[in-house]
Amino acid sequence: MSEGKKNLGAVGVEIRDLVKTFPAYGQKNGEVFAANHVSLSVEPGEMVTLLGPSGCGKTTLLRMVAGFLMPSSGEIRIGDREVTRIPPNKRNVGMMFQSYALFPHMTVYDNVAYGLKLKHMGKPEIRDRVRAILQLMQIEEYASRFPNEISGGQQQRVALARAVVTEPSVLLFDEPLSNLDAKLREYMREELRKIQKRVGITSLYVTHDQSDAMAISDKVIFMRSGTIEQTGTAMEIYARPRNQFVAGFIGKANFVRPDAVHSVSGGQAEITLLGRRMTIGASEECGSEKSCVVMIRPEDVKISAEGAFRARILSKAYFGQYIRHSLEIGGCEIEQMDFTQSNAALQEGDEITVSFVTDSLRLLPGEDKMEI
Ligand SMILES: Nc1ncnc2c1ncn2[C@@H]1O[C@H](COP(=O)(O)OP(=O)(O)OP(=O)(O)O)[C@@H](O)[C@H]1O
Ligand SMILES: [Mg+2]
């Protein structure tokens, strides 16, 4: 299939009201809801990420789609087939795990051919299919090597080749990049995304790494304690997180309690923040009865001579593309990211003025347990 061409045979995944409980250890008759009435859909050819903190139920959900785990209730559909109680080998899904789980005693070729042999496919057809997929992944030259004779990144491509060679309808990934160092990880996720788009295969990708999720997904599903908190593109979730928890998990954010919330309506809030009245965006869930916080992304704090807020530089750190300043503003510590480099001469202890990009500030329901 040529680059960018849609896979016309791609099918979607539909999860409806899925529940999975496990017995809670140490509690008589207690249950943990690893999936608590989860509904979601993955469109044909789409790459969707399940993102969330450790223990929120991502792997459990993926294993139920693969068929390794039976749901307590609910329904899973792949294309127009209900597969909830169908065994894994009859679901036509491919899975790629954190450890690539390549067979160490088999060559790259045999690793990739394995799934086709299980299907009792004829030798010539196996050879054609394996060759084509090795070529697609650009690893033909390693066909006769063993896994320990190729690099981590190449192993990952072999694992991906093995997962897609059987032409599954759906590809499931469980943290496939977590073993790699930061640089290789970034490179490999670009590669993965390119190949996924090229093959046009419907994919569900589990990670607790927000930058992986943002870099590769068409859609991000943010999970917490077995439920879905928010669904949207990475950009939507970053700019308009539903609450403080999501905002704090996706990207960096400062949270400041407003002095007063005067009104909230139509997605906007009239507030007083650090002694100044302003209009900012607001989550639909910010009623007057809820304790709300203002999200200020570090890049939305601008150092400017005309700024209305007096600030003092507590510390600074250089990161190449940007300088991070920790600022004290009206008794609050606020992190600022400066991409302009024009303020490079500023030092710790300097008194400055700053402004906020008020269009980007957002009033959100606060977390009881999160520090602000
Ligand atoms: N076999 C099991 N028996 C009992 N509890 C389980 C079992 N498998 C998972 N759980 C519980 O279900 C919840 C969800 O676990 P799951 O492995 O799906 O989390 P996760 O989001 O994949 O986390 P991580 O990012 O750490 O991999 C956790 O509270 C976990 O302890
Ligand atoms: Mg997991």
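The expected span of a helix is 1.5 Å times one less than its number of residues. In this predicted model, α4 makes a handy test case: its 13 residues should span 18 Å, and the C-alpha atoms at its ends sit 19 Å apart, which agrees. The same check works out for α5, where 18 residues should span 26 Å and the end C-alpha atoms are 26 Å apart.

So where does α4 sit? Eleven of its 13 residues are buried, so α4 is largely enclosed by the rest of the structure. Those buried residues are Gly153, Gln154, Gln156, Arg157, Val158, Ala159, Leu160, Ala161, Arg162, Ala163 and Val164. Covering them are, among others, β6 (93–96), α2, α3, β7 and α5.

Helix α4 also matters to the tally of the largest nonpolar core, which has 36 residues. Val112, Met137, Leu160 and Phe173 have the most contacts inside this core. Two or more residues each come from α2 (108–118), α3 (123–136), α4 (152–164), β7 (170–174) and α5 (182–199), with α4 giving the largest share, six residues. Leaving aside residues up to four places away in sequence, Leu160 touches Met96, Met137, Leu171, Phe173, Leu192 and Ile195. Another core, of 27 residues, lies apart from the largest one and includes Leu61, Val65, Ala66 and Ile76.

Back to α5, then. Its buried residues are Arg185, Met188, Arg189, Glu191, Leu192, Arg193, Ile195, Gln196, Arg198 and Val199. Two of these, Leu192 and Ile195, have already turned up as partners of Leu160. The elements that the buried residues of α5 pack against are β3 (47–51), α3, α4, β7, β8 (202–207) and α6 (210–216). Right after the helix comes Gly200, with a positive phi near 70°.

That leaves the pairing of α2 with α3. These two helices pack at an angle of about 125°, and their axes are 10 Å apart. Angles from 65 to 115 degrees count as roughly perpendicular and those over 145 as roughly antiparallel, so α2 is oblique to α3. Their crossing is right-handed. On the α2 side, the contact is made by Val108, Tyr109, Val112, Ala113, Leu116 and Lys117; α3 contributes Ile126, Arg127, Arg129, Val130, Ile133 and Leu134. Val112 thus has a part in this helix contact as well as being among the residues with the most contacts inside the largest core.

Methods
Residues numbered from 1 in each chain as written. Chains lettered and ligands numbered in written order. Predicted model: local features only at pLDDT ≥ 70, side-chain atom pairs only at ≥ 80, totals over all residues. Heavy atoms only, no water. Core = buried A, V, L, I, M, F, W, Y, C linked by side-chain atoms within 4.5 Å. Buried < 20%, exposed > 50% of the residue type's maximum accessible area, 1.4 Å probe, protein only. Helix = DSSP H or I, 4+ residues; strand = E, 2+ residues; numbered from the N terminus. Contact = heavy atoms within 4.5 Å. Axes fitted to C-alpha atoms, helices over the stretch in contact; angles between N-to-C directions. Parallel < 35°, antiparallel > 145°, perpendicular 65-115°, else oblique. Left-handed = near helix turned anticlockwise from the far one by under 90°.
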